[in-house]
Amino acid sequence: MTDLLLGIDVGTSACKAAVLDLDGVELAHGQVPTPWDVVPTGAQVDPEALFRAAADAANQAIERAPEGRVAAIGVTSMAEAGVLLDAAGNILHPAVAWYDARGDGEARLLARELPDFVERTGLPTSPLCTLAKLRHLGTQNAARWLNVAEWVVHRLGGSQVAELSLASRTGLLDLETQAPYDDALEWAALPPTLLPDRVTGGADAGLSDGIALPGTEGATLTVAGHDHLVAGVGVGVVAPGDVLDSCGTAEALVRVVAPPLDEARRRRVVTAGMSVGWHVVAGRQALLAGLWSGMSLREVLDALGVDEAGRDELDAGALAIAPGEAPALELALHDLERPQLRLPQATPAAIWRAAIDAVSDEVEANIAQIDAIAGPHTKVVVTGGWARDRAVREAKRRLGAIETPAVVEAGCRGAALLAGVAAGAYPSADELPAVRDIAKEPV
């Protein structure tokens, strides 16, 4: 029987899955909406419902795939969300969305009461941080924290592990030692054993029990890691100096760095509005910058009354306007709470050009900031839904020679390939099947 690899990506909008062959070719896909319950502060979800959605997406992909044996399963997920368990393994709280506002007051306390937090974790003091949310929720009877991908792997029959790239987003990990950040755990009244054994993405986490995913019994399991970094693996962004520009609702810039950054450079990263954590590849770290680019562009299209049918004409009009000739437009690229959008008096094409230029300017500035801290980058790989928009893609050429891989689901592909590493199909994350049909776009 042909060996197949399964990658699962538990994301903010959807749970996705893909089946690959050992050449790294995507053979089949599945997708199920992430089943959030909307609450006044944002959203939360029953962890069991979240697991079922991930399993449903995976079963869709398996059913659509050619006949074969699923030899390994990798799971990637959003960060800053997970499941708190008691000593008996019972769920203590719903899983709170990473963007939920709970923890805002605790984040302000954190900044005052743990003055070395930034240097120790590589993170800003923010309500997005798991530590702030856990203190807000209450930690009585807490025994274990599992990030979303770790939870799904555990429910599939795997061991409880703390994958380093996900643990780096929690505020619970001392970045330098890769050990629990004891002062932070004490601050939130959490036990010192809250984090299970730390592992790198692609580490063997046990075998699938085949219960939720029939036909996968005995498949090697792995927690692939943080979704943005794993998407980078899926499109060949693994070497120091590589940059992933993932253009979705939020635009994530991921820069691979080695050797790890010292405390002074970690402080510079956070002061610049970014963060740093461990990569899914051993011995490397990742600088992350985030912008609400896709959300902002969607707001502009909605304000213009342009639907998908009118996008080609709008793109053509925007591309006919030279950079710098469009009116100024201020977008809320760093604000999760959306202020009212104010459009200038101009044609729709000029406004669209202005929006794309505003996003491009900010992306270019962020990459320049990263380069100033970590040294010049080597390549930029652009993925995500907005990368398929012609005018947005053309604007990316300002970054230099970019690569736009022909990959359907980068996160799922990366998770599946890291599962292949865990199962011994590939020697390491540096020796994975090349991305096929990469189209290089010159300046």
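Axes are lines fitted to C-alpha atoms, for helices over the stretch in contact, and angles run from 0 to 180 degrees between N-to-C directions. The views below are taken from a predicted model.

**Figure 1. Packing of helix H11 against helix H12.** Helix H11 comprises residues 311-319 and helix H12 residues 348-374. Their axes lie 8 Å apart and make an angle of about 75°. H11 is therefore roughly perpendicular to H12, since angles of 65 to 115 degrees are placed in that class. On the H11 side, the contact consists of Leu-314, Asp-315, Gly-317, Ala-318 and Leu-319. These residues meet Pro-348, Ala-349, Trp-352 and Arg-353 of H12. By class, the residues of the contact of H11 with H12 comprise 6 nonpolar, 1 polar and 2 charged.

**Figure 2. Crossing of helix H1 and helix H5.** Helix H1 spans residues 47-64, and helix H5 spans residues 148-155. The two axes come within 10 Å and cross at roughly 75°, which means that H1 is roughly perpendicular to H5. H1 contributes Pro-47, Glu-48, Leu-50, Phe-51 and Ala-54 to the contact. From H5, the participants are Val-148, Trp-151, Val-152 and Arg-155. The residues of the contact of H1 with H5 divide into 7 nonpolar and 2 charged, with no polar residue.

**Figure 3. The open sheet of 5 strands.** The strands follow the order S3-S2-S1-S6-S14, and their pairing is mixed. Strand S3 (26-33) and S14 are the edge strands, each pairing on one side only. On average, neighbouring strands of this sheet are turned by 20° against each other when direction is ignored. The antiparallel pairing of S1 with strand S2 (residues 14-20) extends over 6 bridges. Within this pairing, Asp-9 stands opposite Lys-16 in S2. Helix H8 (residues 227-234) packs on the sheet, where it touches S1, S6 and S14. The direction of H8 makes about 110° with that of S14. Helix H14 (residues 410-422) lies across S1, S2, S3, S6 and S14 and runs at about 130° to S1.

**Figure 4. Strand S6 and its parallel pairings with S1 and S14.** Strand S6 covers residues 69-77, of which 8 of the 9 are buried, so S6 is largely enclosed by the rest of the structure. Strand S1 (residues 3-10) pairs with S6 in the parallel sense over 8 bridges. One bridge couples Asp-3 to its partner in S6, Arg-69. S6 also runs parallel to strand S14 (residues 220-226), to which 6 bridges join it. Here Val-75 stands opposite Val-223 in S14.

**Figure 5. The open sheet of 3 strands.** The order of the strands is S4-S5-S8, and the pairing is antiparallel. Strand S4 (37-39) and strand S8 (95-96) stand at the edges with a single partner strand each, so one side of each is left without a neighbour in the sheet. Strand S5 (residues 42-45) runs antiparallel to S8, and 2 bridges join these strands. Gln-44 is found opposite Val-96 in S8.

**Figure 6. Surroundings of the sulfur atoms of Cys-15 and Cys-247.** The structure holds 0 disulfides, and a disulfide would require two cysteine sulfur atoms within 2.5 Å. For Cys-15, the closest cysteine sulfur belongs to Cys-412 at 9.8 Å, which is too far for a bond. The closest cysteine sulfur to that of Cys-247 is likewise in Cys-412, at a distance of 18 Å, again too far for a bond. Cys-15 is buried, with a relative accessible area of 0%. Cys-247 is also buried, its relative accessible area being 2%.

**Figure 7. Arg-112 in helix H2.** Helix H2 consists of residues 104-113 and includes Arg-112. Arg-112 has a relative accessible area of 61% and is therefore exposed, the cut-off for this class being over 50%. Along the chain, Arg-112 and Thr-125 are 13 residues apart, and their C-alpha atoms are separated by 9.5 Å.

Methods: Residues are numbered from 1 along each chain as its sequence is written. This is a predicted model: local features need pLDDT of at least 70, side-chain atom pairs count only at pLDDT 80 or more; totals for chains, interfaces and linings use all residues. Side-chain values use heavy atoms; hydrogens and water are left out. Two strands pair if DSSP finds at least two bridges between them. Helices (H or I, at least four residues) and strands (E, at least two) are DSSP runs, numbered from the N terminus. Buried means under 20% relative accessible area, exposed over 50%, partly exposed in between (1.4 Å probe, protein chains only). Angles under 35 degrees count as roughly parallel, over 145 as roughly antiparallel, 65 to 115 as roughly perpendicular and the rest as oblique. Contact means heavy atoms within 4.5 Å. Ala, Val, Leu, Ile, Met, Phe, Trp, Tyr, Cys and Pro count as nonpolar, Asp, Glu, Lys and Arg as charged, and the others, Gly among them, as polar.
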